[in-house]
Amino acid sequence: MIKGFATTEGTEKYTARFPQAAAGHFRAAHGLSISSIGIGTYLGDWDVETDENYARSITRFVELGGNTIDTAANYRFQRSERSIGEALKELTAKGFGREEILICTKGGYLPFDGEPPRNVQQYFEDTFVKTGIAKPEDLVGGSHCMTPKYLQSQIDQSRANMGIETLDVFYIHNPESQLSEIDKYTFEAKLAKAFEMLEENRAAGKIQFYGVATWNGFRVQPAERGYHSLERMVSIAKQIGGEGHGFKFIQLPYNLAMPEAYLLPNQASGGQAVSTIDAAGAMDVTVMVSASILQGKLASGLPPNIVEAMGEPASEALASIQFVRSTPGVSTALVGMSRVTHVEENLSLVNIEPVDLETFQNLFAKMR
């Protein structure tokens with residue numbers, strides 16, 4: 001296994017490899033320097049060709065100025081994590097150190113192994129119940145589990161898949177899935193047990209930081225069943241890990257068509273109602289954004305005024321990415337990239353500054 005993890009010195013070394021990078025491309029996050037564009041590995045077929053395309057794309061991504069990699073155990077049935085492992089071997093051979101790269105993954109959904117099983121229930125029984133990792137009642141909605149033993153199995157599985165000793169960020173994947181079947185008090189008790197296990201993994205050197213990667217949890221109103229309170233999550237982390245707790249990252253969708261993270265004042269912070277992005281900033285939590293171009297839906301058909309405000313980049317997809325990475329409080333815009341050509345197009349933004357705050361705010365005011 002490749003030893004090490006992203007460090008201050010390592011990520012600063014990485015930043016120094018790109019003196020031509022525009023101001024604002026690399027951002028500070030808990031002592032690290034991370035790229036404002038991250039590579040996502042969610043979509044794609046579960047075949048060897050896609051595996052190889054991802055490995056090449058990840059390698060090229062790091063070569064061109066991106067050091068933030070995002071994946072999950074269930075992405076392409078563990079194959080995306082394994083493609084990252086192959087890319088890391090190639091990058092090591094090319095002189096890039098493990099300490100230069102931030103690697104984030106997630107656990108919670110059933111990962112399967114290489115392809116979908118014929119019988120999901122039998123897979124769960126054989127893989128998790130018979131091995132003592134989980135009980136039948138631990139599975140929610142037929143696909144989601146966040147008990148400590150289950151999440152531990154996912155951490156160790158992800159480390160093995162990528163061939164790395166330490167995960168930089170481990171997210172509980174879409175924990176709001178649990179709220180379809182349990183009340184918020186039971187949920188918080190389960191979350192506390194999960195956080196306790198994650199703090200133990202930090203102490204053991206298996207993870208650096210942890211958090212939650214959500215879809216709806218931070219985008220809905222507090223009265224809705226699937227709502228997450230960031231303030232409560234941080235409070236639970238402090239109860240478990242003290243002021244030095246590792247709950248330092250969240251991930252949620254945000255883009256031109258889904259502006260709630262910036263616009264909706266659904267979180268409490270300092271006694272006031274603020275947006276999730278503002279709340280995260282106040283609580284020293286880094287915001288990673290998924291669905292920056294909404295799986296290609298925002299790669300065309302944008303209003304001309306938005307493209308113009310974003311500096312008229314070479315494509316509308318780039319304008320959408322530029323919008324996300326220019327949003328105050330967003331650290332990284334994650335974009336799925338399974339082909340080298342997409343990497344090379346998107347990473348042209350490395351040399352272009354995010355739009356200034358006044359331009360962004362004026363544009364957002366017109367969008368409201």
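**Exercise 1. Find where Ser269 sits, and work out which residues it is in contact with beyond its sequence neighbours.**

Solution. Start with the secondary structure: Ser269 belongs to strand β9, residues 267-269. Keep in mind that we're working with a predicted model here. Next, check accessibility: Ser269 has a relative accessible area of 16%, and since the cut-off for buried is under 20%, it counts as buried. Now leave out everything within four places in sequence, and the contacts of Ser269 turn out to be Glu231, Val274, Ala279, Ala282 and Met283. Take Ala279 from that list: it is ten residues from Ser269 along the chain, yet the two C-alpha atoms are separated by 5.7 Å.

**Exercise 2. Take helix α6 apart: what span does it reach, what caps its N-terminal end, and what covers its buried residues?**

Solution. Begin with the span. α6 has 20 residues, and from first C-alpha to last it reaches 28 Å. At 1.5 Å a residue you'd expect 28 Å, so the helix comes out close to that.

Then look at the ends. At the N-terminal end, Asp183 does the capping, with a side-chain oxygen 2.9 Å from the backbone nitrogen of Tyr185. After the helix comes Gly205, with a positive phi near 80 degrees.

Now the buried residues. They are Phe187, Leu191, Ala194, Phe195, Met197, Leu198, Glu199 and Asn201. Among the elements covering them are α5 (148-162), β6 (167-173), β7 (207-213), α7 (230-241) and β8.

**Exercise 3. Glu199 and Arg202 meet in a salt bridge; explain why their positions in α6 suit the pairing, and sort each one as buried or partly exposed.**

Solution. First, the distance: N to O, the side chains of Glu199 and Arg202 are 3.0 Å apart. Second, the spacing: the two are three residues apart in α6 (residues 184-203), so about one helical turn separates them. An α-helix has 3.6 residues a turn, so residues three or four places apart point the same way. Third, accessibility: Glu199 is buried at 13%, while Arg202 is partly exposed at 26%.

**Exercise 4. Two other salt bridges link distant parts of the chain; say which elements the partners come from and how accessible each partner is.**

Solution. Take Asp70 and Lys106, whose side chains meet at 2.7 Å, N to O. Asp70 comes from strand β4 (residues 68-70) and Lys106 from strand β5 (residues 102-107), 36 residues apart. Asp70 is buried, with a relative accessible area of 4%, and Lys106 is buried too, at 1%.

Now for Asp284 and Lys248, which form a salt bridge at 3.3 Å, N to O. Asp284 lies in the loop between α9 (276-282) and β11 (286-290), and Lys248 in strand β8 (residues 247-253), with their positions 36 residues apart. Here the burial is mixed: Asp284 is partly exposed at 43%, whereas Lys248 is buried at 12%.

To put these in context, the structure holds 19 salt bridges. Some join up: Arg60, Glu63, Glu90, Lys94 and Glu344 are linked in a network.

**Exercise 5. Look inside the largest nonpolar core: which residues touch the most other members, and which element gives the most to it?**

Solution. This core has 94 residues, and the ones touching the most other members are Phe247, Ile250 and Tyr254. On the element side, α6 gives the most, with six residues. Don't stop there, though: a second, separate core of 13 residues includes Ala29, Ala213, Phe249 and Met288.

**Exercise 6. Describe how strands β1 and β2 pair, and what happens in the turn between them.**

Solution. Check the direction first: β1 (residues 26-29) and β2 (residues 32-35) run antiparallel, joined by four bridges. For a landmark, find Ala28, which stands opposite Ser33 in β2. Finally, the turn: the two strands make a hairpin with two residues between them. One thing to pick out there is His30, with a positive phi of about 55 degrees.

Conventions:
Residues are numbered from 1 along each chain as its sequence is written. This is a predicted model: local features need pLDDT of at least 70, side-chain atom pairs count only at pLDDT 80 or more; totals for chains, interfaces and linings use all residues. Side-chain values use heavy atoms; hydrogens and water are left out. A salt bridge is a side-chain nitrogen of Lys or Arg within 4 Å of a carboxyl oxygen of Asp or Glu. Buried means under 20% relative accessible area, exposed over 50%, partly exposed in between (1.4 Å probe, protein chains only). A nonpolar core is a set of buried Ala, Val, Leu, Ile, Met, Phe, Trp, Tyr and Cys residues joined through side-chain atoms within 4.5 Å. Contact means heavy atoms within 4.5 Å. A polar contact is a pair of N or O atoms within 3.5 Å; within protein, one must be able to donate a hydrogen and the other to accept it, and residues adjacent in sequence count only if both atoms are side-chain atoms. Two strands pair if DSSP finds at least two bridges between them.
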